Amino acid sequence: MPNIFFVKDQEHPYVQEKPFDWIRGYQVGGKSLLWARQVQRWSDFDFEGPARDGFAVDWPIRYKELAPWYSHVEKFAGVSGNMDGLPHLPDGEFLPGYPLNVVEKHFQAQMKKHYGDSRHMILARCAHINGNFDYYAQQGRAKCQSRNLCQRGCPFGGYFSANSSTLPWAEKTGNMTLRPDSVVHSIIYDEEKGKATGVRVIDRLSKEMEEFYADVIFVNAAALNTNLVLLNSTSNRFPNGLGNDNGLLGKYVAFHNYRAGVSADYEGHLEYTTQGGRPTSGYFPRFRNVFKQETDFLRGYAAGFSANRGPYADQSGIGMELKENILNPDKWGPWRIGSHMMGETIPKESGYVALDPNLKDEWGIPQLRVNVDYDDNDEKMIKDYLEQMTEMFDKAGFTNIRTRDDHRAPGLDIHEMGGVRMGKDPNTSLLNANNQLHAVPNVYVTDGASMTSTATQNPSLTYMAFAARAAHHAMKNI
Amino acid sequence: MNRRDVLRNLALITGGLVMVPSCDFSQEDILSAYDKLKVSTDMKQLLGKIADTIIPPGKIKGALDLEIQDFILVMVNDCLDEDAQQSFTKGFKSFENYTINKTGNKFGQLETSQKEEVVLAGLQEEDEDYKDLQGFLGTTKRFTIQGFLLSEYMQTEVKPYSLIPGDYQGEVLISSLKSEKING
């Protein structure tokens, strides 16, 4: 029985110096089949965060340099959403958005009433095709059918995944060779030429090593595995990992804080319900510390928001009475309201990944040691999220408000980032403004590993924009 | 691989998402598919009768017709933790004695109305002595309802699952919904 969609930790072991749930998908298409498909742009309130608030290092680029590449990938991938006009969550190239329901609209209006222009609940932008159908038909993709079965891989190509979009597109060029069952061992560095010349790959099944050569190499193995590959790419020139002259490779790893949530009931609009499916929900862009520092913690959180309603059945009895009841659900309770936080965490030198000196996996590759944890800033942020969301729910007339902190380990957010961060200075960062290793410019990293800070937005869209921008740079310059 | 192994593996692999097809384990007292529960053929039959009391046959099929007992056992065997499994087994094993104490007869010998009374009484037990029994019946009821509603029969013949449910509408008047009553 092959693994399907998620790898088993037993078959792909790693060392948790502190609890960390490392979620990986080694199938063709990787986690692009499994992602939540939420795509919000960053703004300069995110890129300028480290410099303004004094953590990590300054990002080497700003929003205006990435904006055209956000547009590029949004048009290609297909992003539905509304033009919301928010400076801290810039609008993009949107296909028509999905509707908010009657209670979500009520909440939106209540936010406007109670908080004016300082807090917004909007429709979350998602990578689903909801317009411009002729263009996506060229990729072999069709309209999202709102089935909400995305995690099975979509037969319509209704959402963006490597399988539905980039791989078929690459295949069209005639230059693509797809090699599943390839385990990257390391990057080959040629000291005489002063550049990387290829990649060592182990066949998953035969365990034999093979070398491939290239002028340009993109290492995008998904954040932590990118760190692993670079750390394992040792040579005389780079005994501590490729491009790791300053010893910072693997350090300043951070993630998104998804620990807390708030739920409630709403006894209004009881004459209404919803029908059909929707691949997205409501979204709170960050409202804490956006324009200036205003709390006792740094940065802030975004939040998901949704209201749901459906009929249920009385299941109290047994026998024919129960059978008739469950066949004909006709009870209508209150609207169910839910929210979850997505907090920015601060990358620190103490949050790191490293190679285990002894333990190896089945393919002889050193196991990764992960040491990442919540800090005091995260705890304060959780407290604030629970307080603020409770207050907002209360003001909107919601009742039976319940807060939760599930104390999940980092990693379950599946937004691990950093370790190969971008920066202006080769002494304090690994990658330059074009995502090239400072010390090995023909090696690019554009996945989560490259992130200098985490912001609050679901990060894939930003990785995609970096990747498109870096590919363009490589074509022009190398 | 013989047929029994195939079926056992199917039960384990599917993790309860797909019902185990009809199979004859009569050669074997302890059913290997439910290795954590130590369930015998007799017990499985009894479970089928309890499930059929919870959702009886009528105009449409009942729990026993759909072999929901297999669904229940797969779910308990594969998806509950060890404590819950032990409690389930303990409650299960005490059920026949409970029935005899209540009615003087074994469950299989009772009339439908008597079976309903025993199961309802067990579900409503608050006494600490009957905690496992009450839990066993509660779990059985929960998985009977789930297995019934999610069965292929229900999802294809009675209330066909909509593969494409249509565009989202966020403001639908409940009074405008049309629903045809399904008679059980």
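Okay, A:Cys126. In this predicted model, A:Cys126 comes out with 0% relative accessibility, so we count that cysteine as buried. What is the closest cysteine sulfur to the one in A:Cys126? It belongs to A:Cys144, and the gap between the two sulfurs is 7.1 Å, which is too far for a bond. You'd need the pair within 2.5 Å to call it a disulfide.

And A:Cys144 itself? That residue is in no disulfide either, since its nearest cysteine sulfur, the one in A:Cys150, sits 6.3 Å away. A:Cys144 is buried as well, this time with a relative accessible area of 6%. If you search the whole structure, over all chains, the number of disulfides you get is 0.

Staying in chain A, have a look at helix α7, residues 223–231. How many of the residues of α7 are buried? The count is 9 of the 9, so the helix is largely enclosed by the rest of the structure. Walking along α7(A), the buried residues are A:Ala223, A:Leu224, A:Asn225, A:Thr226, A:Asn227, A:Leu228, A:Val229, A:Leu230 and A:Leu231. You'll notice two asparagines and a threonine in that list, A:Asn225, A:Asn227 and A:Thr226, along with the leucines. So what covers them? Among the covering elements are strands of chain A: β3 (182–190), β7 (251–254), β14 (352–360), β15 (366–371) and β17 (417–419).

One more buried spot in chain A before we move on, and this one is in a loop. A:Ser450 lies between β18 (443–444) and α10 (460–477). Its relative accessibility is 0%, so A:Ser450 is another one in the buried class. Which residues does A:Ser450 touch, once you leave out anything up to four places away in sequence? There's A:Val420, A:Arg421 and A:Met422, then A:Leu431, A:Asn435 and A:Val445.

Right, on to the other chain. Chain B has 184 residues, and 42% of them count as buried. For secondary structure, we have 7 helices and 1 strand in chain B, and the order along the sequence is α-α-α-α-α-α-α-β, with the strand coming after the helices. As for how chain B is wired up, take the contacts between residues at least 6 apart in sequence: 59% of those join residues at least 24 apart.

Now let's put the two chains together. On the chain A side, 35 residues are in contact with 40 residues of chain B. The buried area between them is about 3100 Å², and 61% of that is on carbon and sulfur atoms. Which residues of chain A lose the most area to chain B? They are A:Ile318, A:Lys323 and A:Leu327, and together they make up 23% of what that side buries.

For the polar side of the interface, there are 20 residue pairs in polar contact between chain A and chain B, with both residues at pLDDT 80 or more. Looking at which elements contribute, α4 (102–115), β10 (272–275) and α8 (320–327) of chain A each bring at least two residues to the side that touches chain B. Of the elements, α8(A) gives the most, with 6 residues. By class, that side of chain A splits into 14 nonpolar, 13 polar and 8 charged residues.

Last bit, the charges. The count of salt bridges between chain A and chain B is 2. In one that I can point you to, A:Glu324 pairs with B:Lys181, and the closest N and O atoms are 2.8 Å apart.

How values were computed:
Residues are numbered from 1 along each chain as its sequence is written. Chains are lettered from A and ligands numbered from 1 in the order in which they are written. This is a predicted model: local features need pLDDT of at least 70, side-chain atom pairs count only at pLDDT 80 or more; totals for chains, interfaces and linings use all residues. Side-chain values use heavy atoms; hydrogens and water are left out. Buried means under 20% relative accessible area, exposed over 50%, partly exposed in between (1.4 Å probe, protein chains only). Contact means heavy atoms within 4.5 Å. Buried area is the accessible area (1.4 Å probe) that two parts lose on being put together, summed over both. A salt bridge is a side-chain nitrogen of Lys or Arg within 4 Å of a carboxyl oxygen of Asp or Glu. A polar contact is a pair of N or O atoms within 3.5 Å; within protein, one must be able to donate a hydrogen and the other to accept it, and residues adjacent in sequence count only if both atoms are side-chain atoms. Helices (H or I, at least four residues) and strands (E, at least two) are DSSP runs, numbered from the N terminus. Ala, Val, Leu, Ile, Met, Phe, Trp, Tyr, Cys and Pro count as nonpolar, Asp, Glu, Lys and Arg as charged, and the others, Gly among them, as polar.
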